[in-house]
Amino acid sequence: MTATPTPRVTIKDVAARAGVSKGAVSLAFNHKPGLSEATRDRIFLAARELGWAPSLTARTLAGSRVDVVGLAVCRPARVLGLEPWYMEFVSGVQSVLTEHSSSLLLRLVRNMDEEVAVQGAWWRGRQIGGSILVDFRADDPRPALAERLGMPVVAVGHPSLTGGLTSVWTDDATAVTEAVRYLAALGHRRVARVGGAAELGHTAIRTAAFDEAAGALALAGAWQVATDFSGDAGARATRSLLTAAPGDRPTAIVYDNDIMAVAGLSVAAEMGLRVPQDVSLLAWDDSQLCRLTHPTLSAMSHDVHGFGAEVARTLFSVLTGGEAGSHPVPTPVLTPRGSTAPPKV
């Protein structure tokens with residue numbers, strides 16, 4: 001006996017389930033203004049329940065942009081593949097894109113000029129509906145590019161860096177200040193920071209906040225070393241800091257990501273120094289890596305997955321003409337673990 005084929009779900013079925021017109025469904029999936037957020041959510045829910053998604057081929061032939069969000073990252077593939085922050089961030093972005101039947105177009109670029117060219121080609125070629133911009137620098141050319149092209153974007157960075165674009169950011173200055181104050185409260189008077197690439201805007205913000213906090217607390221010593229965020233660079237920076245004479249080296253080190261902090265932990269062991277008895281280590285981001293080391297790493301902890309999801313939600317609000325204002329996500333908070341303690345007297 002031949003089975004009766006299951007009828008194909010159509011846009012008409014989705015409209016009927018959601019109690020709207022076919023035109024409203026089209027507006028929702030093309031991210032056009034004209035619908036309330038409640039109506040848009042109801043349409044997406046109906047589509048998920050029925051297992052329906054719009055035909056990207058048909059939409060492209062009709063002249064609409066394919067539902068793709070762009071993300072260009074100026075990092076070597078080797079470094080990016082080991083960086084827990086970006087993996088968590090992309091996971092958060094993708095969790096929201098899935099709800100909108102959209103995809104992420106990820107491209108690694110070598111420099112800012114290449115990214116500007118890539119973003120322009122994506123937009124002019126109708127390959128993306130909008131883009132997420134990361135790793136802002138001083139005098140960044142991308143705000144002017146987005147304005148010139150009329151390209152919908154969300155900037156991941158402090159508004160002081162993003163040239164008036166809709167922005168989502170973490171309060172790095174407050175988090176750095178909390179980290180330094182915590183180490184000072186433990187009794188550390190010589191504190192170092194192993195930072196990221198000096199040209200990045202958020203690195204500059206953290207650098208200034210560290211200097212200000214160290215000055216306000218009248219620390220006896222405060223060192224800062226710029227790196228490329230890799231484990232190798234973190235290890236070299238740690239080694240250079242800890243090879244000084246005991247009275248001239250830091251008793252605590254803050255790292256700008258967790259992979260460098262893990263590398264620093266290995267260097268301390270290599271040099272015969274105990275953590276935290278001889279040197280305290282404090283990581284950033286607090287991925288699973290921080291809980292797998294011995295001792296476990298104290299960290300400035302924040303929800304990176306949630307950060308990525310909020311960035312994606314903000315971009316869709318921009319795309320649909322919603323009220324997507326610039327706003328911060330929750331500030332990283334201190335999570336003390338086994339790698340920090342008062343210094344030896």
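## Close-up views of the predicted model

**View 1. Elements around the largest pocket.** Helices α6, α9 (172-185) and α10 (201-216) each give at least two residues to the lining of the largest pocket, and so do strands β5 and β9 (280-285). The model shown is predicted. Helix α10 supplies the largest share of this lining, three residues.

**View 2. The centre of the largest pocket.** The volume of this pocket is about 420 Å³. Its lining counts 27 residues, and W85, D135, D172, H202 and R206 are the closest to the centre. By type, the lining divides into 13 nonpolar, eight charged and six polar residues.

**View 3. The open sheet.** Strands of a sheet pair through backbone hydrogen bonds, either parallel or antiparallel. Here six strands line up in the order β2-β1-β3-β4-β5-β11, and their pairing is parallel. The edges are β2 (103-108) and β11 (327-328), each of which pairs on one side only.

**View 4. Strands β1 and β2.** Six bridges join β1 (residues 68-73) to β2 in the parallel sense. One residue to find is G70, whose bridge partner in β2 is L105. Helix α6 (residues 84-99) packs on the sheet and touches β1, β2, β3 (130-133) and β4 (153-156). The direction of α6 makes about 150 degrees with that of β2. Helix α6 also appears in View 1, as a contributor to the pocket lining.

**View 5. Helix α13 on the sheet.** Helix α13 spans residues 304-319 and lies across β1, β3, β4, β5 (167-169) and β11. Helix α13 runs at about 150 degrees to β4. Of the strands α13 lies across, β11 is an edge strand of the sheet.

How values were computed. Residues are numbered from 1 along each chain as its sequence is written. This is a predicted model: local features need pLDDT of at least 70, side-chain atom pairs count only at pLDDT 80 or more; totals for chains, interfaces and linings use all residues. Side-chain values use heavy atoms; hydrogens and water are left out. Two strands pair if DSSP finds at least two bridges between them. Helices (H or I, at least four residues) and strands (E, at least two) are DSSP runs, numbered from the N terminus. Contact means heavy atoms within 4.5 Å. Axes are lines fitted to C-alpha atoms, for helices over the stretch in contact, and angles run from 0 to 180 degrees between N-to-C directions. On a 1 Å grid over the protein atoms alone, a cavity is a set of points where a 1.4 Å probe fits but cannot get out, and a pocket is an open set with protein on both sides within 12 Å along at least five of seven lines; lining residues have an atom within 4 Å of a point. Grid points are joined across faces, edges and corners, and a volume is the space filled by probe spheres set on the points. Ala, Val, Leu, Ile, Met, Phe, Trp, Tyr, Cys and Pro count as nonpolar, Asp, Glu, Lys and Arg as charged, and the others, Gly among them, as polar.
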